[in-house]
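Here are some short exercises to help you find your way around a new structure. Try each task on your own, then read the worked solution beneath.

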Amino acid sequence: MDRWQERIDAVWDDDTISDDERIRAIDALALERAADDPVALFERAGARDSAGAELAAKALYRQALDGGLDEERRVRATIQLASTLRNLGEIEESLRMLREEHDRPGIILHDEVAAFYALALASSGDTAAATSVALETLAPHLSRYHRSVTAYARALGGDT
């Protein structure tokens, strides 16, 4: 990991600072990179999102994604943007983004995507599909009853 990312991570790990201080600290570090650097934009978006400034975060997430991120950050940015959209009441776009990620074969952070997809489905009012996604994601982690829980999850979900 590079030194810049270590310094960013230290800001995130510091529980003694306020949301505004975190935003200022991450913005200061982001200034060390080009204005259109997607990783810096992603970190700036996350700081604002964490502070409840979803509208500002939304624009920065989009810029980061448009700028090109490595695969893990791309998935994280997609999850975080979709969650932000859900919080802003833009449920359909959130669902579309998360469904695309959820259906992508071999995706990293699949369980994390599924968790936020289930939340978006619940926010849309489709609690059966939300439960289905959550249970199907949980099933492989169970010590027993994998097949049964998977079958019940699929029966609940239909076309999730």
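Before starting, one cut-off is needed: a residue counts as buried when its relative accessible area is under 20%, as exposed when it is over 50%, and as partly exposed in between. Please keep in mind that this is a predicted model.

**Exercise 1. Sort the residues of H6**

Task: Find which residues of H6 are buried, and work out where they lie around the axis.

Solution:
- Begin with the length of the helix. At 1.5 Å a residue, the 13 residues of H6 should span 18 Å, and the C-alpha atoms at its ends are 18 Å apart, so the two values agree.
- Next, collect the buried residues of H6: Ile91, Ser94, Leu95, Met97, Leu98, Glu101 and His102.
- These residues cover an arc of only 170° around the axis, which means that they are on the same side of H6.
- Finally, turn to the other side of H6, where Glu92 and Asp103 are exposed.

**Exercise 2. Follow the partners of Arg74**

Task: Describe the salt bridges of Arg74 with Glu71 and with Glu101.

Solution:
- A general idea helps here: side chains of opposite charge can pair when their charged atoms come close.
- Take Glu71 to begin with. Its side chain meets that of Arg74 in a salt bridge, at 2.9 Å from N to O.
- Arg74 and Glu71 both belong to helix H5 (residues 71–87) and are 3 residues apart, about one turn of the helix.
- Check their accessibility. Arg74 has 17% relative accessibility, so Arg74 counts as buried, while Glu71, with 39%, counts as partly exposed.
- Now take Glu101, which forms a salt bridge with Arg74 in which the closest N and O atoms are 2.5 Å apart.
- Arg74 is in helix H5 and Glu101 is in helix H6 (residues 91–103), so this pair ties together parts 27 residues apart in sequence.
- Both Arg74 and Glu101 are buried.

**Exercise 3. Look at the other salt bridges**

Task: Say how many salt bridges there are, and place the one between Asp27 and Arg48.

Solution:
- The count comes to 15 salt bridges.
- One of them joins the side chains of Asp27 and Arg48, at 2.5 Å from N to O.
- This pair links distant parts of the chain: Asp27 is in helix H2 (residues 19–30) and Arg48 is in helix H3, 21 residues apart.
- Asp27 and Arg48 are both buried.

**Exercise 4. Classify a pair of rings**

Task: Decide whether the rings of Phe42 and Tyr61 are stacked, edge-to-face or tilted.

Solution:
- The count comes to 1 aromatic pair.
- The ring centres of Phe42 and Tyr61 are 6.4 Å apart and the planes are at 50°, so the pair is tilted.
- The pair links distant parts of the chain, with Phe42 in helix H3 (residues 38–50) and Tyr61 in helix H4 (residues 54–67), 19 residues apart.
- Phe42 is buried, with a relative accessible area of 2%, and Tyr61 is buried too, at 0%.

**Exercise 5. Trace the contacts around Asp37**

Task: Start from Asp37 in the loop between H2 and H3 and follow its contacts.

Solution:
- At 18% relative accessibility, Asp37 counts as buried.
- The side chain of Asp37 makes a polar contact with the side chain of Arg33, at 3.3 Å.
- A polar atom of the Asp37 side chain also lies 3.1 Å from the backbone nitrogen of Val39.
- Continue from Arg33: its charged end sits over the ring of Trp4, 3.9 Å from the ring centre.

Definitions and conventions:
Residues are numbered from 1 along each chain as its sequence is written. This is a predicted model: local features need pLDDT of at least 70, side-chain atom pairs count only at pLDDT 80 or more; totals for chains, interfaces and linings use all residues. Side-chain values use heavy atoms; hydrogens and water are left out. Rings of Phe, Tyr and Trp (its six-membered ring) pair if their centres lie within 6.5 Å; planes under 30 degrees apart count as stacked, over 60 as edge-to-face and the rest as tilted. Helices (H or I, at least four residues) and strands (E, at least two) are DSSP runs, numbered from the N terminus. Buried means under 20% relative accessible area, exposed over 50%, partly exposed in between (1.4 Å probe, protein chains only). A charge sits over a ring if NZ of Lys or CZ of Arg is within 6 Å of the ring centre and within 35 degrees of the ring normal. A salt bridge is a side-chain nitrogen of Lys or Arg within 4 Å of a carboxyl oxygen of Asp or Glu. A polar contact is a pair of N or O atoms within 3.5 Å; within protein, one must be able to donate a hydrogen and the other to accept it, and residues adjacent in sequence count only if both atoms are side-chain atoms. The expected span of a helix is 1.5 Å times one less than its number of residues. The arc is that of the directions from the helix axis to the C-beta atoms.
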